[in-house]
Amino acid sequence: MEPRFLIQNARRIVAVAIVLVALAAAGTGASAPAQSGEPIVVGSTLSLTGAFGATGVIHKAAGETFISWINANGGLLGRPVEWKLLNDESDPAKVSALYERLISQDEVDLIMGPYATPNIVAAQAVAQRHGYVLPNHTAVLTYALTYDCQFPTWSAGGKPNLAVPQTVFKMLKTEQQTPRRVAFVTNTGGSTNFISYGPPSSSEGGAVEWARKQGLNVVLDLKYPPTTSDWGSIAAQVRAAQPDFVWNSGLALDPVNLIRAMEQLDYRPKQFFTLFPAPGPLLALGQASDGVLSVTLFEPNGKLLKKLGRKAQNIVRLFAQSAASNGLSYRVFDSQATASWTAWEVLAAGVRGARSLDNERVCDYLKANGVDTTFVGKLRFNPAKNNFSKPRNLVKQIQKGRWKVVWPPALRVTKLQAG
Amino acid sequence: MNTYLQAGVSGVMTGGLYAVMALGLSLTWGLLKVINLAHFALILGSAYVTYQVTTSTGADPLLSGVIVVPCMFAVGVAIQWVIDRFQVDEFSSLLLSFGLFIIAIQLISNIWSADFRQIEAAENPYATRAFFIGDIAFPVPQLIALGAALALAVATYYVLRHTYFGRALRALAYDREIAGAYGVDHRRIGMLTAGLASAMAAVAGVLVGINQPVFPELASEWVGLVFTVVILGGIGNLLGAVAAGILIGLVYSQVSVAWDPLGAPLVVFLLLILALLFRPNGLFGRLGGS
């Protein structure tokens with residue numbers, strides 16, 4: 001370019017440059033409000049190794065998605081958000097020590113709950129001692145979460161031991177699939193035992209008692225330890241009882257191992273329900289797991305996701321990317337990711353509503369107002385019910401290699417597949 | 001009655017899998033005086049490689065043994081070289097191999113994440129298959145494990161009894177200095193033995209891979225049961241390890257049916273305590289039954 005040309009057109013060039021800069025500034029402002037100041041630091045632990053590691057990674061992927069998303073959308077109170085994440089190695093003792101460190105030494109502004117009930121209970125004691133708000137995503141032992149500033153987002157109701165069986169058996173009855181012979185196979189881990197038998201030292205009961213009260217014929221009630229390796233003898237007992245409905249209050253890989261062992265004995269009940277499965281490995285069983293039922297908060301099935309709009313669709317897409325970068329083989333935004341995302345939304349809504357990082361004010365705001373969430377609707381928190389919202393138990397079923405919501409009728413994307 | 005019989009068959013065959021896992025550990029502990037906790041990481045690593053090879057190539061999962069067995073043999077040789085080079089004694093080998101175990105599990109987590117990994121049903125022809133005699137099912141994956149345990153134990157027993165390598169190895173186990181005076185090269189024999197033990201871990205890993213989903217924490221779940229098999233079978237006694245594996249599987253399954261699955265671990269570990277008190281050399285004696 002000739003220097004003469006620049007001199008002759010200097011005014012025009014400057015004018016064009018000013019317009020371009022102004023447009024760029026406007027564009028930035030429209031997509032993400034400016035953030036300034038020190039980042040808000042949220043501290044938490046997750047079980048990235050140890051017994052809960054496989055599911056802990058899902059919560060890491062969901063948390064990272066949320067942090068990227070909120071920072072791309074203006075941050076919190078105009079400040080960027082930073083997540084200080086520590087590995088608790090699935091050890092509740094380490095959870096206590098690490099939350100103490102996050103609050104006392106690192107002086108984080110806010111905290112987020114860890115994964116899995118025993119760890120959440122451990123973190124609750126520390127949060128309560130320091131007066132921190134504790135949103136948490138996966139607490140099941142509703143009776144053990146008594147701190148009035150803990151906010152659970154696994155909305156199974158205050159009594160999931162009654163609400164879950166009520167939902168499942170009501171669905172079966174409505175769909176004219178009421179079982180004649182029911183077998184209960186229960187992992188004695190805290191959460192699963194609670195769903196089958198209710199709280200300790202209480203006559204309330206759980207799914208087993210509920211089924212009996214409904215007049216169902218309970219032909220087997222078997223408990224197994226969390227470290228079971230001999231599934232053959234359990235499958236043999238199930239086969240001998242000849243149930244047409246198996247209720248497995250199991251965790252992670254339990255249903256995979258039980259279904260595989262039953263298949264090896266050439267036994268498949270008409271219906272199989274499981275509580276908290278690892279969703280991916282069940283699908284990998286192929287035909288053997290077709291028709292398996294479970295509960296969920298949300299599944300990104302076409303119609304359901306479309307109804308929630310673009311924001312939800314983007315979140316589901318971003319989560320899949322984060323899951324991939326975290327090495328997860330199953331990248332679907334299912335119940336675990338939903339609970340995690342919702343817990344982060346609760347924290348953000350509390351801060352925005354209180355317009356402050358003061359944990360007491362955030363807690364008061366959440367108790368008074370609840371939160372409108374993207375995936376599970378309005379959550380209301382009532383300390384008299386340990387802040388557990390009303391039950392939202394969707395029932396999902398594996399159909400043609402995918403989890404699909406089959407209950408309730410208002411939210412289902414397909415009908416229950418008959419056994 | 002059928003329930004007891006079926007559970008018993010399943011238990012015996014599950015015991016076969018415990019036995020395959022225990023063979024290599026028993027071999028190095030009994031003959032090299034190395035308590036190799038890294039053995040469990042080698043089993044798990046082999047299971048992951050089986051998963052990876054099968055899902056990447058679509059090949060029969062058992063064929064992955066062609067890759068993992070020689071690889072783990074080499075790893076076993078390398079570990080033994082370190083142990084020999086630094087003259088690590090029996091107790092220190094426990095600490096050293098514990099460190100290796102932790103490192104290996106972390107490496108596995110870094111490569112495959114903490115997520116569950118499982119060979120898809122379409123690529124695993126063994127997962128849910130079984131042979132039947134009447135109503136009694138013989139699940140294929142456990143049947144293969146039991147067969148492998150028996151074959152490896154008998155072959156090793158033969159090698160220990162009837163070859164120069166076996167005699168040299170047993171001589172080393174009894175008295176290294178005297179064996180050395182007779183020209184036995186303890187370094188070479190030790191590395192070869194450790195390599196064989198790790199190759200056995202690789203076989204166990206392939207069998208785990210076709211039998212169940214894997215995740216990094218899985219290796220820790222095996223430690224208690226497999227050590228029980230080694231101790232009950234007699235340290236260094238491979239046929240004893242197979243018998244102990246079958247016994248534990250059988251006891252586990254029968255207690256599970258007759259009483260409660262919750263009671264099975266209690267009975268198995270009570271059996272271990274009684275054995276340690278009354279038969280400290282194991283139910284079948286040490287070193288090849290001698």
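How much area does chain B expose, and what share of it do carbon and sulfur atoms supply? I looked this up before anything else, keeping in mind that the model is predicted. Chain B exposes about 12,000 Å², and carbon and sulfur atoms supply 68% of that area.

**Entry: burial and charge.** I turned from the surface to the inside. Of the 290 residues in chain B, 55% count as buried, that is, under 20% relative accessible area. I then went through the charged side chains of chain B and found 12 positive and 14 negative. The centres of these two sets lie 14 Å apart.

**Entry: fold.** I read chain B along its sequence and noted 11 helices and two strands. The pattern runs α-α-α-α-β-β-α-α-α-α-α-α-α, so the two strands sit between four helices before them and the rest of the helices after them. For contacts between residues at least 6 apart in sequence, I noted that 80% join residues at least 24 apart.

**Entry: overall dimensions.** I checked chain B against the globule rule. A compact globule of 290 residues would have a radius of gyration near 19 Å, and chain B agrees because its own value is 19 Å. Its C-alpha atoms fill a box of roughly 60 × 45 × 30 Å along the principal axes.

**Entry: the partner chain.** Which residues of chain A lose the most area to chain B? I started with the contact itself, which takes 40 residues from chain A and 42 from chain B. The area buried between the two chains is about 3,100 Å², with 59% from carbon and sulfur atoms. On the chain A side, A:Asp230, A:Arg260 and A:Gln264 lose the most, together 22% of what that side buries.

Conventions: Residues are numbered from 1 along each chain as its sequence is written. Chains are lettered from A and ligands numbered from 1 in the order in which they are written. This is a predicted model: local features need pLDDT of at least 70, side-chain atom pairs count only at pLDDT 80 or more; totals for chains, interfaces and linings use all residues. Side-chain values use heavy atoms; hydrogens and water are left out. The radius of gyration is taken over C-alpha atoms; the globule rule is 2.2 Å times the number of residues to the power 0.38. Buried means under 20% relative accessible area, exposed over 50%, partly exposed in between (1.4 Å probe, protein chains only). Contact means heavy atoms within 4.5 Å. Accessible areas come from the Shrake-Rupley method with a 1.4 Å probe; for residues, only the protein chains shown count as cover. Lys and Arg count as positive and Asp and Glu as negative; His and the chain ends are not counted. The place of a charge is taken as NZ of Lys, CZ of Arg, CG of Asp or CD of Glu. Buried area is the accessible area (1.4 Å probe) that two parts lose on being put together, summed over both.
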